[in-house]
Amino acid sequence: MTVRIATWNINSVTARLPKLLEWLESAQPDVLCLQELKCAADAFPAEAVAELGYASAAHGDGRWNGVALLSRIGLEDVVRDLPGQPGYLAEDALLPVVEPRAVAATCGPVRVWSVYVPNGREVGHAHYRYKLEWMAALRDAVRQDAAGERPFAVLGDFNVAPTDEDVYDLAAFEGLTHVTAPERDTLAALREAGLQDVVPRALKYDRPYTFWDYRALAFPKNRGMRIDLTYANKPFADAVTDTYVDREARKGKGTSDHAPVVVDLDL
């Protein structure tokens, strides 16, 4: 059985709906993990994707976060939020808010999480601490599935570049988030829990970046980062036949600032 799984930070599913539908028809993924919906779950365009054969499970509150899973090979045992998922306590808030940043489901022969890891904002900021706490909860949540025989993966926008080579210029990120040792340690913890980084093959350039800022011509100059990741257990990783970043989806006007990452499996 051949299965195509993809992940894409869509940066507003409402604003990018025509792009999303076009890409679903052209790329034909069996499962798509979406992040940064920027819409409430009841406003997710479920009917539009259903017309293309996809069942959907959306988790969002209408703000800048939100995640979803689309599948045409089954969508069972849906779980929203990580077990023990921490909330973010803003400076002006009395209680922490558990944000919609994770959704899981069994899609045919595979179990997947779609995750949108907190940005972290600035080193030392409360949101940075929240990011590290959130990743610790993710590590705890995946242990059992990571050790199992069923193909399993966590896909999404991790807001962490795993290595120095995963940013276009390390000097440009000095003192900033996404590249700090504590953030990268959270990825190491996932690997210790039984997951591995499934790195896309290079296409036009040496490094398969997945995000390019809208500003300063970052995309045409390839000033990017690899922060949209696939962390998989051994049965999943062993079944991978190809993986790549679909740069074409980043081109043109009205696109997300992220490109889809595609993973093909032979199961």
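How far is the sulfur of Cys107 from the closest cysteine sulfur, and why is there no bond? In this predicted model, the closest cysteine sulfur to that of Cys107 belongs to Cys33, at 7.5 Å. That is too far for a bond, because a disulfide requires two cysteine sulfur atoms within 2.5 Å. Cys39 was examined in the same way. The closest cysteine sulfur to that of Cys39 is also in Cys33, 16 Å away, and again too far for a bond. A search of the whole structure returns 0 disulfides. Cys107 is buried, with a relative accessibility of 0%. Cys39 is buried too, at 5%.

Attention turns next to the annotated site. An unreviewed UniProt entry lists Tyr116, Asp157 and His258 under "active site". These residues span 143 residues in sequence, yet no two of their C-alpha atoms are more than 12.7 Å apart, so they gather at one spot. Tyr116, Asp157 and His258 are included in the lining of the largest pocket.

Tyr116 belongs to strand S7, which covers residues 110–116. Its relative accessible area is 9%, so Tyr116 counts as buried. Beyond its neighbours within four places in sequence, Tyr116 contacts Asn9, Gln35, Glu36, Trp64, Asn65, Gly66, Val67, Arg101, Asp157 and Asn159. One of these partners, Asp157, is itself on the UniProt list.

Asp157 sits in strand S8, residues 152–157. Asp157 is buried, with a relative accessibility of 2%. Residues up to four places away in sequence aside, Asp157 touches Asn9, Gln35, Val115, Tyr116, Val117, Ile227, Asp228 and His258. Both Tyr116 and His258 are therefore among the contacts of Asp157, and their C-alpha atoms belong to the group in which no two are more than 12.7 Å apart.

Glu36 provides a further link to Tyr116. The side chains of Tyr116 and Glu36 are joined by a polar contact of 3.3 Å. A second polar contact, of 3.0 Å, joins the side chains of Glu36 and Asn9. Glu36 lies in the loop between strand S2 (31–35) and helix H2 (46–50). Despite this loop position, Glu36 is buried, with a relative accessible area of 11%. Neighbours within four places in sequence aside, the contacts of Glu36 are Asn9, Ile10, Asn11, Ser12, Val13, Trp64, Asn65, Gly66 and Tyr116. Asn9 recurs in this region. Asn9 is in contact with Glu36, with Tyr116 and with Asp157.

Key:
Residues numbered from 1 in each chain as written. Predicted model: local features only at pLDDT ≥ 70, side-chain atom pairs only at ≥ 80, totals over all residues. Heavy atoms only, no water. Helix = DSSP H or I, 4+ residues; strand = E, 2+ residues; numbered from the N terminus. Buried < 20%, exposed > 50% of the residue type's maximum accessible area, 1.4 Å probe, protein only. Polar contact = N/O pair within 3.5 Å; in protein donor to acceptor, adjacent residues only side chain to side chain. Contact = heavy atoms within 4.5 Å. UniProt positions renumbered as here; feature names shortened; annotations may be inferred. 1 Å grid on protein atoms, 1.4 Å probe; cavity = no way out; pocket = protein on both sides within 12 Å on 5 of 7 lines; lining within 4 Å.
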